[in-house]
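Before accepting a label such as salt bridge, interface or pocket, a careful reader may want to see the value set beside the criterion. The turns below take that approach.

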Amino acid sequence: MIRVMYFASLRERLGCENEALSDVPQTVAALRAELAARGGVWGEVFADDQRVLAAVNQEMAAAEQALGDGDEIGFFPPVTGG
Amino acid sequence: MHVEIRVQETALDAVAEVAPLYGGRPSVGGVVSFVGLMRDTNVGEQVSAMTLEHYPGMTEKALAAIVAEAGERWELEAVRVIHRVGEIRPQDPIVLVAVASRHRGEAFRACEFIIDYLKTRAPFWKREQTADGRSRWVDARNSDEAAADSWEDAGSR
């Protein structure tokens with residue numbers, strides 16, 4: 001099982017703060033593709049041309065990073081702090 | 001290197017937060033601090049308030065990693081990074097980055113490095129309320145990305 005969290009404009013557009021998924025996709029990119037395949041607003045938010053950042057276990061992660069059981073994955077837009 | 005990192009919902013007293021960086025540390029020869037403030041305009045519009053959201057847990061880790069990298073590049077005595085979250089108003093300090101070192105050069109460079117990296121790597125997001133009552137997420141700036149990238153090959157300059 002993995003826990004997926006959505007932040008800022010992504011959370012608002014998806015209407016979802018976090019969820020648990022029982023299947024563990026192989027990589028961040030595979031998870032993103034699964035989410036996009038839900039269609040509707042999910043398809044829009046996670047479309048290939050959308051800049052979405054990902055973190056695995058609270059560290060920035062590249063698309064090819066492998067996922068494992070128990071991981072926490074965060075998806076969010078480019079950051080705007082400071 | 002002494003490090004203090006805080007994410008807080010309460011007001012940030014930028015002046016009061018700087019003195020503890022050198023108090024009791026006679027090896028410190030200089031402190032450089034950057035205070036980021038909320039402006040009352042953004043992309044040509046009046047902004048009346050802002051809400052800062054973050055990713056609790058990851059934020060602290062990301063800031064600690066940025067400060068640790070600064071500590072590898074430069075010899076620093078103490079670093080303090082404090083970032084506001086929640087509701088803020090124009091003129092409120094959003095962020096303080098303060099760096100103490102033996103000599104000024106290290107502190108100047110490390111301070112700029114930390115704020116440049118914070119702006120592109122720490123998970124904070126701003127939502128602003130315009131004066132006419134609308135609310136919108138602030139877009140990331142390409143110039144911030146470029147500033148952070150400029151450190152990639154710079155070493156300790």
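The questions and answers that follow concern a predicted model, and they deal with the contact between its chains and then with its pockets.

Q: What makes B:Glu53 and A:Arg11 a salt bridge?
A: The criterion asks for a side-chain nitrogen of Lys or Arg within 4 Å of a carboxyl oxygen of Asp or Glu. In this predicted model the closest N and O atoms of B:Glu53 and A:Arg11 are 2.5 Å apart, and the pair therefore meets the cut-off of 4 Å.

Q: Why is the pair of A:Glu12 and B:Arg127 said to join two chains?
A: The closest N and O atoms of A:Glu12 and B:Arg127 lie 2.6 Å apart, and the two residues form a salt bridge. A:Glu12 belongs to helix H1 of chain A and B:Arg127 to strand S8 of chain B, so the bridge links two chains. The count between chain B and chain A is three salt bridges, while a search of the whole structure finds 17 over all chains.

Q: How do you know that chain B and chain A are in contact?
A: Contact requires heavy atoms within 4.5 Å, and 26 residues of chain B satisfy this with 21 residues of chain A. The two chains bury about 1800 Å² between them, with 56% of that area on carbon and sulfur atoms. On the side of chain B, the residues that lose the most area to chain A are B:Tyr55, B:Met58 and B:Trp125, which together account for 35% of what that side buries.

Q: What polar contact is there across the interface, and which elements of chain B supply the side that touches chain A?
A: Across the interface of chain B and chain A, 14 residue pairs are in polar contact, counting pairs with both residues at pLDDT 80 or more. Strand S4 (45–54), helix H2 (58–73), strand S7 (93–101), helix H3 (104–121) and strand S8 (124–130) of chain B each supply at least two residues of the side that touches chain A. H3(B) gives the most to this side, with five residues. By class, the side of chain B that touches chain A has 14 nonpolar, four polar and eight charged residues.

Q: What makes a residue part of the lining of the largest pocket, and how many residues line it?
A: A lining residue must have an atom within 4 Å of a point of the pocket, and 37 residues line the largest pocket. A:Val79, A:Thr80, A:Gly81, B:Lys119 and B:Asp144 are the ones that lie nearest its centre. The space in the largest pocket is about 670 Å³, and its lining divides into 18 nonpolar, eight polar and eleven charged residues.

Q: How do you know which element gives the most to the lining of the second largest pocket?
A: The second largest pocket holds about 310 Å³ of space. Of the 16 residues that line this pocket, A:Ser9, A:Arg51, A:Pro77, A:Pro78 and B:Asp139 are the closest to its centre. Helix H1 (8–14) of chain A and S8 of chain B are the elements that give two or more residues to the lining, and H1(A) gives the most, with three.

Note on methods: Residues are numbered from 1 along each chain as its sequence is written. Chains are lettered from A and ligands numbered from 1 in the order in which they are written. This is a predicted model: local features need pLDDT of at least 70, side-chain atom pairs count only at pLDDT 80 or more; totals for chains, interfaces and linings use all residues. Side-chain values use heavy atoms; hydrogens and water are left out. Buried area is the accessible area (1.4 Å probe) that two parts lose on being put together, summed over both. A polar contact is a pair of N or O atoms within 3.5 Å; within protein, one must be able to donate a hydrogen and the other to accept it, and residues adjacent in sequence count only if both atoms are side-chain atoms. Helices (H or I, at least four residues) and strands (E, at least two) are DSSP runs, numbered from the N terminus. Ala, Val, Leu, Ile, Met, Phe, Trp, Tyr, Cys and Pro count as nonpolar, Asp, Glu, Lys and Arg as charged, and the others, Gly among them, as polar. On a 1 Å grid over the protein atoms alone, a cavity is a set of points where a 1.4 Å probe fits but cannot get out, and a pocket is an open set with protein on both sides within 12 Å along at least five of seven lines; lining residues have an atom within 4 Å of a point. Grid points are joined across faces, edges and corners, and a volume is the space filled by probe spheres set on the points.
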